[in-house]
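I opened the file to note confidence, packing and a few side-chain arrangements. The entries follow in the order I looked things up.

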Amino acid sequence: MSTISLIQPLREVSFAFVDVETTGASADFGHRIIEIGIARIEGGRVVAEYEHLLDPQRKISAGVTAFTGITQAMVMGQPTFADELPRMLDLMRGCVVVGHNVRFDLGFLRKEFRRCRQDIVTCLGDHPVMDTVRIARRRFGRGGNGLQVLSRRLGVYPTVAHRALPDVQTTVSVFDRLMEPIGGWNLPLCDALLAQGGRMGLLPINPRESLLPLELEEALEQRRPVMMEYLDGNDARTHRVVEPRTIRRRKGELMLIAHCHLRQAQRTFKLERIVQFTRLEETVAAESQDARPEPVNADRQSDGAKPQAMSEPASVAPGVDQIRPVAPDAAI
């Protein structure tokens with residue numbers, strides 16, 4: 001397995017950018033990967049991409065389907081993670097792994113490797129890991145560093161969101177923009193690691209840490225009102241302003257305890273029915289750019305419009321080799 005020197009410029013380092021979509025919010029609670037996207041970078045350029053839907057062998061939560069557009073029918077009959085692991089390893093070995101809030105993705109990957117009776121460090125190598133969220137937080141502060149918001153801030157405008165490979169492609173562009181003002185691909189790896197606050201590894205520093213999606217983690221951390229998109233008992237989308245307080249396990253389910261502004265009382269929400277969180281300032285900004293005059297009102301049912309990922313799904317056909325070489329002149 002190749003070695004990576006901390007004094008090498010990024011241009012001489014191989015990178016594997018990774019993103020996963022999952023059945024729910026917590027790998028520790030038994031949720032599984034339903035889609036994975038990988039882009040391998042060599043010489044500062046994308047040389048190969050991989051994507052595949054995976055059969056998680058468990059139910060996909062309603063909130064995930066609403067958010068990603070991935071349904072139970074789409075993953076039925078697809079390969080399992082174990083089936084696809086050899087192809088993933090071909091792209092990831094000998095690489096610095098990079099992701100957006102990569103700790104979340106690694107939490108799921110470690111569990112999947114373990115189910116395959118494989119050790120992730122042995123398979124991939126004890127190389128550094130980089131996280132575009134950590135880099136962004138050191139530059140812009142905490143909060144508002146979700147991939148879609150951060151990418152627009154950096155002048156990157158993805159056409160598809162919340163699917164594995166499109167989010168990987170967006171993360172590659174975000175990484176490139178974050179590195180550009182401090183040396184770009186000529187920056188030594190050690191300095192790039194300093195830009196995120198130090199070295200990370202494939203294994204967590206605290207093995208008991210609880211990993212959540214970035215938007216939920218930030219909402220809990222900041223204790224500020226956010227707009228929550230939620231599926232009610234009839235699977236209708238509603239929007240309500242809440243202040244998240246804590247996560248609890250109750251009768252085999254993860255629950256969000258939050259103060260609901262509409263009811264002016266504490267309420268409990270099933271995590272599997274939460275579609276997404278949006279900071280209120282981002283909601284106002286989005287409305288100001290929307291041609292429709294109707295504002296977003298707390299606890300109203302949405303107009304039924306599909307998320308972008310559902311209108312332009314990055315779906316894959318079963319049984320097709322999804323490792324795609326990229327033309328040598330394909331710049332990031």
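I count a contact when heavy atoms lie within 4.5 Å. With that cut-off I looked up Met92 and set aside its neighbours within four places in sequence; Met92 is then in contact with Ala16, Val18, Ile38, Arg40, Val97 and Leu124.

Core. I next asked which residues have the most contacts inside the largest nonpolar core. They are Ile36, Ile38, Phe81, Met88, Met92 and Leu109, in a core of 31 residues. I listed the elements that each supply at least two residues of this core: β1, β2 (33-42), β3 (45-53), α3 (81-92), α4 (102-115) and α5 (120-124). I also found a second, separate core, with 28 residues, including Ile4, Phe17, Val46 and Val98. I note as background that nonpolar side chains tend to be buried together in soluble globular proteins.

Confidence. The model is predicted. I read a mean pLDDT of 85 for the chain, with 83% of the residues at 70 or more. Over residues 290-321 pLDDT stays under 50, although the model has 62 contacts for them beyond four places in sequence. I do not read further into that stretch, because predicted coordinates should not be read in detail where pLDDT is low.

Whole chain. I recorded 12 helices and 12 strands. Of the 332 residues, 53% are buried. Taking contacts between residues at least 6 apart in sequence, I find that 71% join residues at least 24 apart. The exposed area is about 15300 Å², and carbon and sulfur atoms supply 49% of it.

Aromatics. I searched the whole structure and got 8 aromatic pairs. For Phe17 and Phe175 the ring centres are 5.5 Å apart and the planes are at 75°, so I logged the pair as edge-to-face. Phe17 is in strand β1 (residues 15-22) and Phe175 in helix α8 (residues 164-179), so this pair links distant parts of the chain, 158 residues apart. Both Phe17 and Phe175 are buried. Following the ring pairs, I get a cluster of Phe15, Phe17, Phe175 and Trp185. I also checked Arg153, which lies over the face of Phe140 at 4.0 Å from the ring centre.

Gln148. I asked whether Gln148 is buried or exposed. Its relative accessibility is 15%, under the 20% cut-off, so I count Gln148 as buried. Gln148 is found in helix α7 (residues 147-153). Leaving aside neighbours within four places in sequence, I find Gln148 in contact with Pro158, Ala161, His162 and Asp167.

Technical notes. Residues numbered from 1 in each chain as written. Predicted model: local features only at pLDDT ≥ 70, side-chain atom pairs only at ≥ 80, totals over all residues. Heavy atoms only, no water. pLDDT = per-residue confidence, 0-100. Helix = DSSP H or I, 4+ residues; strand = E, 2+ residues; numbered from the N terminus. Buried < 20%, exposed > 50% of the residue type's maximum accessible area, 1.4 Å probe, protein only. Phe/Tyr/Trp six-rings, centres within 6.5 Å; stacked < 30°, edge-to-face > 60°. Lys NZ or Arg CZ within 6 Å of the ring centre and 35° of its normal. Core = buried A, V, L, I, M, F, W, Y, C linked by side-chain atoms within 4.5 Å. Areas by Shrake-Rupley, 256 points an atom, 1.4 Å probe, with all protein chains shown as cover.
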